[in-house]
Structures are given as structure tokens and as C-alpha cells.
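Please work through the following exercises with the structure in view. Each one sets a task and then gives a solution in steps.

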Amino acid sequence: MLTRTSVPLSLAVRSRSVLAAASVLWTGAALLTAAPGADDWPQFLGPQRNGVSDGPGLAKAWPKEGPPVIWRRDVGEGFSGPAVSDERLILFHRLSDQAVVECLEARSGKVVWKAGHPTDYRDDFGFDPGPRATPTVADGRVFTFGAEGRLSCWKFETGESLWTVDTAKELGAGKGWFGRACSPLVEGNLVLLILGGREGAGVVAFDVANGSVRWKATEDEASYASPITIDIQGRRTVLALTREALVGLLPADGSVLFRYPWRPAMRASVSAATPVVIGDRVFLSASYGAGAVLLRLESGGPKLIWSAEDALSNHYATSVHHRGFLYGWHGRQEQGCDLRCVELETGKVKWSESGLKAGTVTLVGDELLVLTEQGELIRCPASPEGFRPTARVQGFPAGVRAYPALSKGLLFARSKSRLMALDVSKEP
């Protein structure tokens, strides 16, 4: 059943001036908050859910020692990336047997509030037992999805728990190979997850107000990708890459508009990169022999433009697109990945850089911001002419798997043990 709790683990005491500056006004049942800034990073992969920053560009040059560190702090377990909205950062991590949600002042790292819920997740392969999904901030609420399968909604201002759904118990959300990992997507008054549950709960929409199930669709198992919404010929559409296929759904009622079967052939595999949409085209990529495809989204369903097994096989990190070229990681993380540039229209590899192992890539203006698992921060032009880094610094401890967030010139990223804020836009 749907459960509700009202008391967070703890609430940090703030001054009256801070409370006044960030007040929440109630009018009847309507929650009125300031609209998130254009330079916020309120969800997985950023404001447009495509790994692209809409904010200020990077500084022309960084100091030799790297971008200034604004603050740092220790964190618990997990691969969940930070989300930033309205000058606050949401951190989701595991401390002991608690999945902990913390709200921090983005500029100082000071705790505003702290909440959480119990978690009993244990990884079958002995990997990190913390949350995988990045929180989503929308309409005065924070949505988190734990590795154990608990979807929770918190009040953004105070951390008050508004509702919780145990998707494993109530909907049969499968554990998969490495726990539940879908980052929540808010679309209108719905919060969407690729669940892989029983009785048609492959993709599920919950009501943002109370967590009730609004619709369920498909019998597919869950992938490790997250859903996105786009407009296809004027019609709002949810794109969900399940373990079996790319599925297009109407957000209003979950009606299936199309289904394009696509997945790695081997059973012991995951598809983790989120679809990349460029106009009327969508790029899918996965390792384990799947490779990549570029599709054109037409009224009758997706049409194949090209398919290649050895062009750009994303293991877990989603590629970014810039001016007709894709930039991303090719190959299995444990075997060592290459960073590649691939021509969008043809799938032709323009350049490939080995030795970086694995990581994430974010587009900032005309530059790539690459953060490797070893903690190296690299910037280079997003150009098909070659990998030509202009700066390389050891910015973070090793063990960086979570996606970073970039907001108002600050880069927020975490390793296995530490969260840091770096000023990447400040001139030396």
C-alpha cells in the first residue's frame, strides 16, 4: 500500500532571513514556488535531460592546479548524482542502513535539511549498496528512487516526507542485475519510472501529489536507462528504453504509440545510456554487442537510418550531441573505454582516444567537460578534428561513477567518498 510519513530524520535550523528569502506560499492546495532558474541542474543529465549545460561557459583558462575548490565534504555510498535547483543541492546517498536525502546550500555546502528512509538493499555482486538514481526537483518537490525500489516525494523547502511507494512490494519492480536505477522524470502532474514490474508495470506513471498509480504500460523488464519526453510532430511523447525495446508512450494515459525492439543479444547485459534526441532523430547505444542505432521518428514509428556494432557502444554513460557529431564512451567499463567522436548521420568514427578508461561527458558551450572514473577532469573542444584537451587536472579522488551537475558556473561531482564543488567558470 501507499505509505506516508511526516517526520524527516532531522531538520537543520536556518535563520529567519534565509527562510524569508526562500519562503513557500500556499493558496488553497496549490504550492507556489519560484520557477527554477534556467541555469539549474534539477535532474539527471541536466535541464533538458541531454547532458548539455544551458548556463555560462567555462573560464578561458583554469589555474595550473585546476579550478578553485569552493567546498568539499565526505559522503556515503551510492552512484546517485547531485541535483541543483534554486541555489540548493540535493544529495542522495546511503549511510549505514538509511537512504539519506540532504539539501545543501549550493554555494557553501551547509546542510539545510536532512531526511531519509530505511534501506535493506544488498548488491548480488558485492558492489556499492547505495542509491543509483539521481534525484529530480520539480514544482517544490524532490523525488528520489532508491536501489531497494522505494519511490519517495519530499517537500523541497523543508524535507518533509509527502509520500512513499514501495515499488518492489506494490508493483513487483525487479531488482535486475544491480538494483533499481531509473532517475525519476516529472512530466506535468506525473512522475515516471521504467520499473519492469509485474502485471503490466513495465513503465509506470505516479501522481506527483500523492504517489497513486495513474497508469501502467508494457510487460518489459527495466533497463538501466531513464525516460525522457519529447514532441513528435506536435504530440508530447514519453521515450522509454526498456530492457527489450524503445517504447513511445502518451504521457496522458500510457497508450503505446510505437515499439522498436532493441537490446543486447546476451542475457547477462544491461542497457544504461539514455536515448539522445536530435530533432526528429533518436540515438540508442549499449555495450554487450548491441552497438548503436540512429532512428528517425516518424508518424508510423521509428525508421532505421544506420546501425553499427563498433561505432559508439555506451556502457553506462550517455553521449552528448553537438553540431552533427556525437561524443561519448565506447566499450565496456571494466575493459577500458575509448572516448570517441562519431558523425551523427553516418555513424563514422572521426576520432577515438584510448587510455582514459571510463567516465562521463558533459557539453558546455562548444567544449566537452570529461570526468573520468579516476577523478581526472578534462576539457577539450567539441570538435571532429581530434581530441585536443586544453586542460587536464586531477580534480577528484578515484571512484567517480555518478554524473556531475553544473549550475551557475559551479561543477558539483562526487566520488565514492567525497562531494566537491568547483568553480569552473571563474577566470584565474
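**Exercise 1. Determine how many residues of strand E11 (residues 141-145) are buried, and which way they point.**

Solution. The model is a predicted one. Step 1: in strand E11, which spans residues 141-145, five of five residues are buried, and the strand is thus described as mostly covered. Step 2: sort the residues by direction. Arg141, Phe143 and Phe145 point to one side of E11, while Val142 and Thr144 point to the other. Step 3: compare this with the general pattern. In a regular strand, side chains alternate between the two faces of the sheet. Step 4: burial holds for both sets of E11 residues.

**Exercise 2. Identify the strands that pair with E11 and describe the turns that connect them.**

Solution. Step 1: take the strand E10 (residues 136-138). E10 pairs with E11 in the antiparallel sense, over three bridges. Within this pairing, Val142 of E11 has Val137 opposite. Step 2: examine the connection. E10 and E11 form a hairpin with two residues between the strands, and Asp139 there adopts a positive phi near 55 degrees. Step 3: turn to strand E12 (residues 150-155), which runs antiparallel to E11 and is joined to E11 by five bridges. Here Val142 has Trp154 as its bridge partner in E12. Step 4: examine the second connection. The hairpin of E11 and E12 has four residues between the strands, and Gly149 in the turn shows a positive phi of about 105 degrees.

**Exercise 3. Locate Asp123, decide whether Asp123 is buried or exposed, and list its side-chain polar contacts.**

Solution. Step 1: Asp123 is found in the loop between strand E9 (111-118) and E10. Step 2: Asp123 counts as buried because its relative accessibility is 12%, and the cut-off for burial is under 20%. Step 3: the side chain of Asp123 makes a polar contact of 2.7 Å with the side chain of Tyr121, and another of 3.0 Å with that of Arg132. Step 4: leaving aside residues up to four places away in sequence, Asp123 touches Asp128, Arg132 and Phe178.

**Exercise 4. Carry out the corresponding analysis for Glu367.**

Solution. Step 1: Glu367 belongs to strand E31, residues 367-372. Step 2: its relative accessibility is 18%, so Glu367 counts as buried. Step 3: a polar contact of 2.9 Å links the side chains of Glu367 and Arg379. Step 4: beyond four places in sequence, the residues touched by Glu367 include Leu58, Thr362, Cys380 and Thr390.

**Exercise 5. State how many disulfides the structure holds, and examine Cys103 and Cys337.**

Solution. Step 1: the structure holds zero disulfides. Step 2: Cys103 is in no disulfide, and the nearest cysteine sulfur, that of Cys153, lies 14 Å away. Cys103 counts as buried because its relative accessibility is 0%. Step 3: Cys337 is likewise in no disulfide; the nearest cysteine sulfur is that of Cys380, 16 Å away. With a relative accessible area of 4%, Cys337 is buried.

**Exercise 6. Find where pLDDT stays under 50 and consider how that region should be read.**

Solution. Step 1: the average pLDDT of the protein is 91, and 91% of the residues score at least 70. Step 2: over residues 1-36, pLDDT stays under 50; the model has 54 contacts beyond four places in sequence for these residues. Step 3: where pLDDT is low, predicted coordinates should not be read in detail.

Notes
Residues numbered from 1 in each chain as written. Predicted model: local features only at pLDDT ≥ 70, side-chain atom pairs only at ≥ 80, totals over all residues. Heavy atoms only, no water. Buried < 20%, exposed > 50% of the residue type's maximum accessible area, 1.4 Å probe, protein only. Polar contact = N/O pair within 3.5 Å; in protein donor to acceptor, adjacent residues only side chain to side chain. Contact = heavy atoms within 4.5 Å. pLDDT = per-residue confidence, 0-100. Pairing = 2+ DSSP bridges. Disulfide = S-S within 2.5 Å.
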